[in-house]
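Hi,

Here's the structure I promised to pass on. Have a look at it first, and then read on for what I found.

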Amino acid sequence: MAPKVVRWGILATGNIAQTFAKDLLVDPATRNVHDIKHTIVSVASASGAARAEQFLKDVEAPQTAKGYGTYEELVNDDEVDIVYVATPHSHHYQNVRLCLESGKPVLCEKAFTVNAMQAKELVQLARVKNLFLMEAMWTRYFPLSIYVRETITSGRLGTVIRVYADNSLNLKPHESFPKESRMVNPNLAGGGLLDMGIYSLTWIFQTLYTTQPSDTRKTPDVQSALRKYEPTGVDETSTILLTFPRDSESGGDMHGISTTSFMVSNDSDGKNTSGPAVRIHGRDGELQVWPPLWRPTRTRLILADGTVEDKTFSIPGPGKGSNW
């Protein structure tokens, strides 16, 4: 049987869109997937059709793919089965809403929206329209992440009490980012939390929330602190303490400590010398994940009985790995 072909429209033409598009066009057979294939049928750029057409050439899209100069043209293209939204996260809400109102399923780049109200409205709209809607958080789908969750649910760590997750990079913002950069511009929802901290929070939620039975999961209580980046006032360093309620018979409350910074690094020499970026603590042991948290490849399991298990996980190629 021939594989199902999914026809994608790419909304925006920045660096992350280019990485995604190139990975999307990698033959799924290279990762032992044979029932589906992906193609790009159109791309839209707010900078104009010429930019969209250059993007198509850069990613080596099919010659039949169309380049549009407006997002409205893209979402009204009947050949598009699903839209990948890759604009800055300050614009995700309006861009995703445009797609959904036009009847298009959406894969939206992280961070999904800039606040909870926007996220709730988009989810509600997708449900009303009966359309697929998902945040493009690739990390959750890596074999490494699946191994971590399965290790927790298997009970090897015993009752899990605490998880610490740190995704920090010294990006030298005073040298690297002009004030209008999306990383530090408050008008573009700049700051470390929405760009980098989303990975720390993902590790907290996929270890302390997703691993709980669906009928007993409870949303956490949240406390937080932040340090501002003085030139623009966005968050430079943020730390969040999440308390996940759990009944005493199941082990009591769980603590998640999520932190991020673009002023200091949790992997100072880039060689993992600084140690793990995620530490999952259970009563019978600890599971560690080494940086980078967005695409980790190394874990270490340390149990109270003396067991130490190191694992490495390859990223499927060719490409950067977003094809997971």
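To start with a puzzle: which backbone oxygen lies 2.8 Å from a polar atom of the side chain of K110? Keep in mind that this is a predicted model.

It's the one of D195. K110 sits in the loop that links β5 (106-109) to α5 (116-129). What caught my eye is that K110 is buried and still has no salt bridge. The nearest side chain of opposite charge is again that of D195, but it is 4.1 Å away, and the cut-off for a salt bridge is 4 Å. So with D195, look at the backbone oxygen as well as the side chain. Leaving aside residues up to four places away in sequence, K110 also touches H89, H92, E135, A136, M137, I198 and Y199.

The other spot worth a look is helix α2 (residues 49-58). Its buried residues are A52, F55 and L56. They span an arc of only 100° around the axis, which is why they end up on the same side of α2. That fits the usual geometry: an α-helix has 3.6 residues a turn, so residues three or four places apart point the same way. A50 and K57, on the other side of α2, are exposed. Among the elements covering the buried residues are β1 (4-11), α1 (15-24), β2 (36-44) and β3 (66-68). After α2 comes E60, with a positive phi near 60°.

Lastly, an unreviewed UniProt entry annotates residues 148-287 as "domain: GFO/IDH/MocA-like oxidoreductase". In the model, the end C-alpha atoms of that span lie 8 Å apart, and the span is 20% helix and 31% strand.

Cheers

Notes: Residues numbered from 1 in each chain as written. Predicted model: local features only at pLDDT ≥ 70, side-chain atom pairs only at ≥ 80, totals over all residues. Heavy atoms only, no water. Buried < 20%, exposed > 50% of the residue type's maximum accessible area, 1.4 Å probe, protein only. Helix = DSSP H or I, 4+ residues; strand = E, 2+ residues; numbered from the N terminus. Arc of directions from axis to C-beta. Contact = heavy atoms within 4.5 Å. UniProt positions renumbered as here; feature names shortened; annotations may be inferred. Lys, Arg positive; Asp, Glu negative; His and termini not counted. Polar contact = N/O pair within 3.5 Å; in protein donor to acceptor, adjacent residues only side chain to side chain.
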